[in-house]
Amino acid sequence: MRITRFAAGDEVSYGLVGTARAGAAAGGVVIAELAGHPLAGGRDATRLTGTTYLLDEVRLLAPVLPSKVIGFAPRSPGPAGPADDGLDDGSVMYLKPSTTVCGPSDAIRYPALTQRLEAGGELAVVISRLCRQVTPEQAATVILGYTCALDVTAADLRERDGQWARAKGFDTFCPLGPWIETDVGDAGLELATSVNGQVCQRAKVPPGQEVAVLVASASNVMTLLPGDVLLAGVPAGTAGAGGPWLQHGDEVSVSIDAIGTLTNKVEHGD
């Protein structure tokens, strides 16, 4: 099942994404409007209003508005610490504020404070309910689904500051979309990031057992709320794992098998 958040005129709604089976739009993408919020629970969470839209009649928004985005990245070069946090790959956890989130086709704003903008495509994991101290075996029960993400970083500020709050925290530094896929399976899905149509990063997305470890690790540090997002990272040694450099006017996309493609353009910031 694919869940989207969209704007039709001035109204913002959630909907289910499907394929038109008849009429002039047969074979095209359609959105069936939901009566409520898919994370709110209750009868309206999955009740259809009966209103449908063609994809080109609406504007897709970030499919979820998280209270926080939690990322994982390889530890800086040097001796690895003890693996007592559940992470077996030497990862370090970081946060991106909710204000970094934007949607499909929204502009990534290039801040005047940086001269080196980097963006890496990642699998984003969407949490379904309030939880803490989840075990890896329980992780599947707190995951709503998955979407594409671009983790944008001001690389020069990351190196200068020695920590990542500013480098990863600018507005628009976490595009999400185009929708949430509730079931992607576990068959070695491929992720590809491209700039202006040229692929510059390829990776296999982390398998389910690795995602489960990330959910468990994060929930043992902080309470996860419905709609929170975890960025699953890119495996070490991946070609282009650091992400491509971006310039003003670039169009950057991340595609993940079984989910879709998220595309954003880089524009001048404040």
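# Chatting through a predicted fold

Me: Starting with one residue: is Phe170 buried or exposed?
Reply: Phe170 counts as buried, because its relative accessibility is 18% and buried means under 20%. Keep in mind that this is a predicted model.

Me: OK, zooming out. How many helices and strands does the protein chain have?
Reply: The chain has 18 strands and three helices.

Me: And what share of the residues is buried?
Reply: Out of 270 residues in the protein chain, 50% are buried.

Me: What about the outside, how much accessible surface is there?
Reply: The accessible surface of the chain is about 12600 Å², and carbon and sulfur atoms supply 51% of that.

Me: What share of the contacts links residues 24 or more positions apart?
Reply: If you take the contacts with a separation of 6 or more, 68% of them are between residues 24 or more positions apart.

Me: Let's do sheets. What order do the strands take in the open one?
Reply: The order is S9-S18-S17-S13-S14, so five strands in total, with mixed pairing.

Me: Which strands stand at the edges there?
Reply: Those are S9 (107-110) and S14 (198-204). Each has a single partner strand, so one side of each has no neighbour in the sheet.

Me: How many degrees are neighbouring strands turned against each other?
Reply: On average it's 20 degrees between neighbouring strands of this sheet, ignoring direction.

Me: Back to S9. Is its pairing with S18 parallel or antiparallel?
Reply: Parallel: S9 and S18 (residues 260-268) pair that way over four bridges. If you want a spot to look at, Ile108 is opposite Val266 of S18.

Me: New topic: S10. How many of its residues are buried?
Reply: For S10 (residues 117-127), 11 of the 11 residues are buried, so the rest of the structure largely encloses this strand.

Me: Which residues are on each side of S10?
Reply: On one side sit Leu117, Ala119, Gly121, Leu123, Val125 and Ile127, and on the other Glu118, Gly120, Glu122, Ala124 and Val126. Both faces are covered, with all of these residues buried.

Me: Why do the residues take turns like that?
Reply: Side chains in a regular strand alternate between the two faces of the sheet.

Me: Which strands does S10 pair with?
Reply: One of them is S11 (residues 143-154), paired with S10 in the antiparallel sense over 11 bridges. Gly121 is opposite Leu150 in that strand. S16 (residues 245-246) also pairs with S10 in the antiparallel sense, over two bridges, and there Leu117 has Leu246 as its bridge partner. Then S15 (residues 229-231) pairs with S10 in the antiparallel sense over three bridges, with Val126 partnered by Val229.

Me: What comes after S10 in the loop before S11? Where is Glu137?
Reply: Glu137 is in the loop between S10 and S11. Glu137 is exposed, with a relative accessible area of 69%. Its C-alpha is 8.7 Å from that of Gln209, although the two are 72 residues apart in sequence.

Me: How many disulfides are there?
Reply: A search of the whole structure turns up zero. As for cysteines, Cys148 is buried at 0% relative accessibility, while Cys200 is partly exposed at 32%.

Me: And how many aromatic pairs?
Reply: Three in the whole structure. In one of them, the ring centres of Tyr94 and Trp164 are 5.2 Å apart and the planes are at 70 degrees, so that pair is edge-to-face.

Me: Where do Tyr94 and Trp164 lie?
Reply: Tyr94 is in strand S7 (residues 91-97), and Trp164 is in the loop between H1 (155-161) and H2 (165-168), so the pair ties together parts 70 residues apart in sequence. Tyr94 is buried at 6% relative accessibility, whereas Trp164 is partly exposed at 22%.

Me: What kind of pair do Phe170 and Phe173 form?
Reply: A tilted one, with 5.2 Å centre to centre and 50 degrees between the planes. Phe173 is buried too, at 0% relative accessible area.

Me: Last one: which residues is Glu251 in contact with?
Reply: Leaving aside neighbours within four places in sequence, Glu251 contacts Ser194, Val195, Asn196, Thr263, Asn264 and Lys265. Val195 is 56 residues from Glu251 in sequence but 5.6 Å away, C-alpha to C-alpha. Glu251 belongs to S17 (residues 251-256) and is partly exposed at 42% relative accessibility.

How values were computed:
Residues are numbered from 1 along each chain as its sequence is written. This is a predicted model: local features need pLDDT of at least 70, side-chain atom pairs count only at pLDDT 80 or more; totals for chains, interfaces and linings use all residues. Side-chain values use heavy atoms; hydrogens and water are left out. Buried means under 20% relative accessible area, exposed over 50%, partly exposed in between (1.4 Å probe, protein chains only). Contact means heavy atoms within 4.5 Å. Accessible areas come from the Shrake-Rupley method with a 1.4 Å probe; for residues, only the protein chains shown count as cover. Two strands pair if DSSP finds at least two bridges between them. Axes are lines fitted to C-alpha atoms, for helices over the stretch in contact, and angles run from 0 to 180 degrees between N-to-C directions. A disulfide is a pair of cysteine sulfur atoms within 2.5 Å. Rings of Phe, Tyr and Trp (its six-membered ring) pair if their centres lie within 6.5 Å; planes under 30 degrees apart count as stacked, over 60 as edge-to-face and the rest as tilted.
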